[in-house]
Amino acid sequence: MKPLKSFLPLLLCAASLAAAAQSPNSTLSPDYARDPKQPIDADYTAKIKQYTTAPDFLSPLVAYLPASKTVPTPAKVLGDVSGAPNFLPYAEDVYKYFRLLETSSPRVKVYTIGHSEEGREMIAAAIADPEILAHAAENKARLAQLGDPRKINFDDAKAKSLIDASVPVYYITGTIHSPETGAPTALMELAYRLAVDDSPYIQYIRSHMIVLITPVVEVDGRDRQVDIYRWHKANPDKTYPRLLYWGHYVAHDNNRDAMGMTLNLTRNVLDTYLDWHAQVLHDLHESVPFLYDNTVGDGPYNAWVDPMLTNEWQELGWNNIAQMQALGMPGVFTHGDFDTWSPGYLMFLGAMHNGISRLYETFGNGGADTEKRILTPEEYSRTWYRQNPPLPIVTWSQRDNNNYEETALLTTISYFSHNTRHFLENYYLKSKHSIEKPTLEGPSAYVLSSDEASSNRLVSLVNVLKLQHIEISQLTAAATAPVPGAKRGDKPADTTFPAGSIVIRMDQPYARAADALLDKQFWAPDDPQKHPYDDTGWSFPALFNVKATRITDPAILKAAMKPVNDPASLAGTVSGSGSITAVANHGQTTLLALVYKLKGAKIEVTEKAADNFPAGSLLISGADPQQLADALKTLSLNASSHGLASSVPTHPVTAPRIAIMHTWLATQTEGWWRFAFDSAGVPFDYISTQTASKTDDLRSKYDVIIFAPVGRAAASDIINGMPMWSNPLPWQKSDLTPNLVAPGFDSTEDTRPGLGYDGLAHLKSFIEKGGLLVTCEDTAQFAVDMGLAPGVSIAPSADARVVGTVLNSVFVTHDSPVAFGYGDNLAVMSANGMAFNVSNTVGRGGGRLLMDPYSQRPTGRGTTEEDDQPQGRTLTAAEPLEKQQPWQPRKLNEEQMRNNVSVIPAQYRPEVILRFSDGKSLLVSGLLDKGGSIAEHAIVVDAHLGEGNVLLFANNPIYRGETIGSYALVFNAILNHDHLAHAATPAAK
C-alpha cells in the first residue's frame, strides 16, 4: 500500500470543495460537476427545491435530478419526489420501484435475500456498469479468495492480480429502526442517480465498484410504521398511537442482534454481505441532527478488531465530514460519544468479518410531516468535533433528511471508488491477519466442552457460531495442550481434552468474530468513557453455561479433528432399551418443550438425584418410539432407555397452560421471551394487562403467567397505563392499518388503559389459587410494590456500577425445582446490579420488632467476640446475635415474634434460589465498579402467596438470545409450577 496515494484524493477533494463550494449555490467543484449534455427533469428538480426548507440543507449533488426517457424516477411509484411531505411508501412500493429500475436499466439487478418472520420479502439491489454486473459471479469468486487467503496459499502476488481484476462492494442498508422513516425514499432516489446520472464522478463510481442496497431491513416494522402514519394523516387533529411492535419480536433491539443472530433480518443481511464478499456495511439511522457519521465513534474501541479497521474508520469518517462541510451543509460531524465497544450492532457484522462498519444518524421526524424542531443545547452546542453545529431551531422536512443522506452517501462512495485498490488491499490483509491470529496476537483456539451436561446448550452456541459463518471442528482423538493459569504469572498446566470436544480454530477468516464472542470482556471502572452505549460484557460461553478453554499454544491446531457441518449432530441420541426413557435434566432449554411434543405419554419428574440422573430429570413411558426419537432429535436432547422404574420419588407432569402477559407501554423486552418460547417449542397464549383486568378467574385458564420485563416501567405505569386525557389510541387491524396486528399479536381499541386495580386483584387471586406468576426486573419491582411477594424488597445498590455486565451467581436452594439440573454457579446478565433483600416479616421496617441496629454487638468493653459487662452487677447472658448473610432474612427471636401480625408463617416465607457471588468472584465480563454493595445479595427469589408462587428475577434470564444458560430457570419453574411449595418447612424463626 502507498498511504500518500491513498489519502491524496481526500486532500484534493476537501481542498477543492472548500475553495469552490462555500454554499450550496456556489460554483460546483469539478469533482462533482454534472454532465451539461444530460437534460434535467425540471418538474422533479423544482419539487426537490420546494420541499427543502432552507438552501443550506441542499447540496449541489442532489439539487437536480437528471432526466431519462427510459428509466422512471421514484415519482412513478411514489406519486411525488422522494422525501415529499405527507406520504410514506410501504416496503412493497419501494421494491416495486427497484424492480422498475431493474427492468428499465441494465445497471441495476434486484435479488431476494430472504424473508422476515412474518414472510415479507427482503431485497438487495446491485448497481454498477452492465459489464460489471454481468460478471458479478466471477467478481464474487475473486473477492472470496481475497477474503480467505488460504485459497491462494497466502500468495501476495496472486492477491495483487486478484485485486487488479476485482471491484469492491459497498453495501448500504436502511430502516432497521422502523420509526426512522427516511432511508427508503433516499435510497430509491440514490439508486436512480447511480443508474442514470452521467456526471463524471457517478460514471466513475459505476465503473469501479458495486453499490449494493437493501432499502428496508425491518420490513415488518416498516409496514406497521406506514400504517401508523396513514392513521395519523387520516386523523390529523388526534394524537396517534406509538409504534408498539416493530418486528415480530423486538423493536430497537433488532440492532443489537449481531452477536446472537436470532432474527431473520440479521441472518439475511450477513448472508448477503458475505455472499457478495462486500468490503463495507453501511447502516442508515435517524436520531441525531443533522448528520452524525458515527463511523469514527469514541472509545473504548472493540478489543478484537484489526487496527487497520480503526484507521479505515478514521479515514472514511473524517473525509466524509470534510466533504460535507465543504459543501456548506451545517450540523455534520463525526466522533461524538458513541463508544465502539459492543459488536452487537448490525453494521458491526462488517467489522467482525474483515470489512468496514459504518453508520449514519440523520435527523428524522418519525414520518413525512414537515415540522418545527427545537433542539437541546447538547444537540446544537459547538465542540471540537462539531465546529458547525446544527441550528437550535429549524423547520425540518423529510426532503431535508433525504438531501443529507444522499449527499453523504454520494461523497463517501465517490471517495471509495477512487481508492478501490487501497480498500481491497486492506480487505485482503485483514483477512490474512485473521487467519494468522495464532502466530500473532493469539489465541490459537477455544475448546468447548462437549460433555453430556452441556450438549444441549452447546448445540445452541455452535449454531450461533455457524450463523456467523465461523468454522467449527471436533476432536477425533484426545488432545493435550498447555492452558494458561487463571492468574497473571501462573504457569500453564497441561490439560487433556477428550475426543468429541469442539474446537474453534483461530486460523480462519472470521476468527475475530469467534474471538470477540468467546473471550471475556473487561471495562475498566475508571475508563474515560463514563456512559457506555450498550452492554459492556457478553462472554457467550459463560452466558450459555458452556465451559470454554482459551488456548494460546498453536500446537492444538495440529490435533486430529474434523469439521462440524451440522450442529444438530452433537445431541439428540437415545441409548439403551426398555419401556422407560430417561432424559437427564442438565439445564437444557428444550426440556419443557418435550412435554408438549409427547401428548399421551406418561411423564414424571424425579425429585431427587439418583443413578447419574439429577433431580428434575424426566421419566417417559407410553410414548410412540418414533415420535419420541424424532422429538429428542429436534430438541437436541439425549436420552437413555431402561427396563425398570426408578425408586426415587417423582411427580407427574402435564403440559402447563401458559400466558405471556404484556403491557401496552412497550413490547420489546418481552419480545425476547416470546422468541425464546417459540424457538424452544413452548406454546403460550399472548394476553395484555387489559385482558387480565377483564378476566375474573385467570386461574381457570392458566397455570402460569409470564410477566416479562416492560422496560423501566414503574408500578404506577403498569397499573395506570398511559394518561387518559388524549383520544383513544387503537392498535387494531383495519382498512387504514392492515399490517398492525400480525398473527400471534394482540389488539385493542385503546392502548391507554393499564392493568388497573381490578387486574391487580385478578392477578393476586390467580396466585392465591395456585398459579405461578413469573416476573423480572421492573415487573419484579411491580410484584414487590403491589404486595404480591411478601417478604421481598429491592436491595439498595448504593454506589455499585453495573452496565450490561455478566456476573457470577451461586445457587442457595439446590432442592428447589427452579434449580434442577444446575451446578453450584451460574453466570447471569445483569442490566444494572438489581438485587433483592428477603425478610421473615412484611412491612417496611420501623420499631424494635423489625430491625436490630447491631450487626455484631452493642458498644462497650471487649472485642467483637466478647460481651459487654455493665458495672456493679453479675453478667446476664444476652440472646446470641447470629451473623446474617446478605441473602438471608434476619432471624426473629421469641420477643420479636410475640403477637406480631407482620411475621410471615414459615410456609409462606420467600426462598432465595440464586444469589450474587462474593465480591472477589462477582465479575465475569464487562463493567463492575464497587460491587460490594450488591455482592451475595439474592437475585432469584420464589415468593409464596396463598397456594401459589411469584418467581422474581433481578437478572434477565431470557435476554437477546444470549443468555441460553439461564433459560432453564424459567422453564424448570413452569414444568414444576405445582410443586414449588417449600420442600421442607423452615424453622419458625
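This is a short talk on some helix contacts, sheets, a salt bridge and a few backbone details in one structure.

Thank you all for coming; please keep in mind throughout that what we are looking at is a predicted model.

Let me begin with pairs of helices. Take helix α12, which covers residues 307–326, and helix α16, which covers residues 420–435: their axes come within 10 Å and cross at roughly 155°. Angles over 145 degrees count as roughly antiparallel, and therefore α12 and α16 are roughly antiparallel to each other. The crossing of these two helices, α12 and α16, is left-handed. If you want to find the contact on the screen, look on α12 for Met-308, Leu-309, Glu-312, Glu-315 and Leu-316, and on α16 for His-422, Phe-423, Asn-426, Leu-429, Lys-430 and His-433. Sorted by class, the residues in this contact between α12 and α16 are five nonpolar, three polar and three charged.

Now move to helix α8, residues 183–196, and helix α9, residues 200–208, whose axes come within 8 Å and cross at roughly 90°. How are these two helices, α8 and α9, oriented to each other? The range for roughly perpendicular runs from 65 to 115 degrees, so α8 is roughly perpendicular to α9. On the α8 side we have Arg-193, Leu-194, Ala-195 and Val-196, and these meet Ile-202, Ile-205 and Arg-206 in α9. The contact of α8 with α9 has five nonpolar residues and two charged ones, with no polar residue.

The third pair is helix α22, residues 668–680, with helix α28, residues 964–975; here the axes come within 12 Å and the crossing is roughly 70°, which makes α22 roughly perpendicular to α28. Trp-673, Ala-676, Phe-677 and Ala-680 of α22 make this contact together with Tyr-967, Val-970, Phe-971 and Ile-974 of α28. Which classes of residue do we find between α22 and α28? There are eight nonpolar residues, and neither polar nor charged residues appear in the contact of α22 with α28.

Let us turn to the sheets. As a reminder, strands of a sheet pair through backbone hydrogen bonds, and they may do so in a parallel or an antiparallel way. One open sheet is formed by six strands, in the order β18-β22-β19-β21-β20-β23, and its pairing is mixed. At the edges of this sheet are β18 (574–576) and β23 (650–652), each of which pairs on one side only. From one strand to the next, the twist averages 30°. Within this part of the model, strand β19, residues 580–583, pairs with strand β21, residues 618–621, in the antiparallel sense over three bridges, and if you click on Ala-582, its bridge partner in β21 is Leu-619.

There is also an open sheet of five strands, ordered β16-β11-β15-β12-β17, with antiparallel pairing. Its edge strands are β16 (548–551) and β17 (561–563), and each of them pairs on one side only. Strand β12, residues 473–475, and strand β15, residues 502–505, run antiparallel and are joined by two bridges; in this pairing Gln-474 stands opposite Ile-502 of β15.

Next, a word on charges. Side chains of opposite charge can pair when their charged atoms come close. Searching the whole structure gives 41 salt bridges, and I will show you one of them: Glu-121 with Arg-99, where the closest N and O atoms are 2.7 Å apart. This pair links distant parts of the chain, since Glu-121 lies in strand β2 (residues 121–127) and Arg-99 lies in helix α4 (residues 91–104), 22 residues apart.

Finally, some backbone details. Most residues other than glycine have a negative phi, and most peptide bonds are trans. Where, then, should we look for a cis peptide bond? One joins Gly-299 and Pro-300, with omega about -5°, and Pro-300 sits in the loop between β6 (291–293) and α12. Another cis peptide bond joins Gly-442 and Pro-443, with omega about -5°, and Pro-443 is in the loop between α16 and β11 (445–448). As for phi, His-335 has a value near 75°, which is positive although this residue is not glycine; His-335 lies in the loop between β7 (332–334) and α13 (348–351).

Definitions and conventions. Residues numbered from 1 in each chain as written. Predicted model: local features only at pLDDT ≥ 70, side-chain atom pairs only at ≥ 80, totals over all residues. Heavy atoms only, no water. Axes fitted to C-alpha atoms, helices over the stretch in contact; angles between N-to-C directions. Helix = DSSP H or I, 4+ residues; strand = E, 2+ residues; numbered from the N terminus. Parallel < 35°, antiparallel > 145°, perpendicular 65-115°, else oblique. Left-handed = near helix turned anticlockwise from the far one by under 90°. Contact = heavy atoms within 4.5 Å. Nonpolar A, V, L, I, M, F, W, Y, C, P; charged D, E, K, R; others polar. Pairing = 2+ DSSP bridges. Salt bridge = Lys/Arg side-chain N within 4 Å of Asp/Glu carboxyl O.
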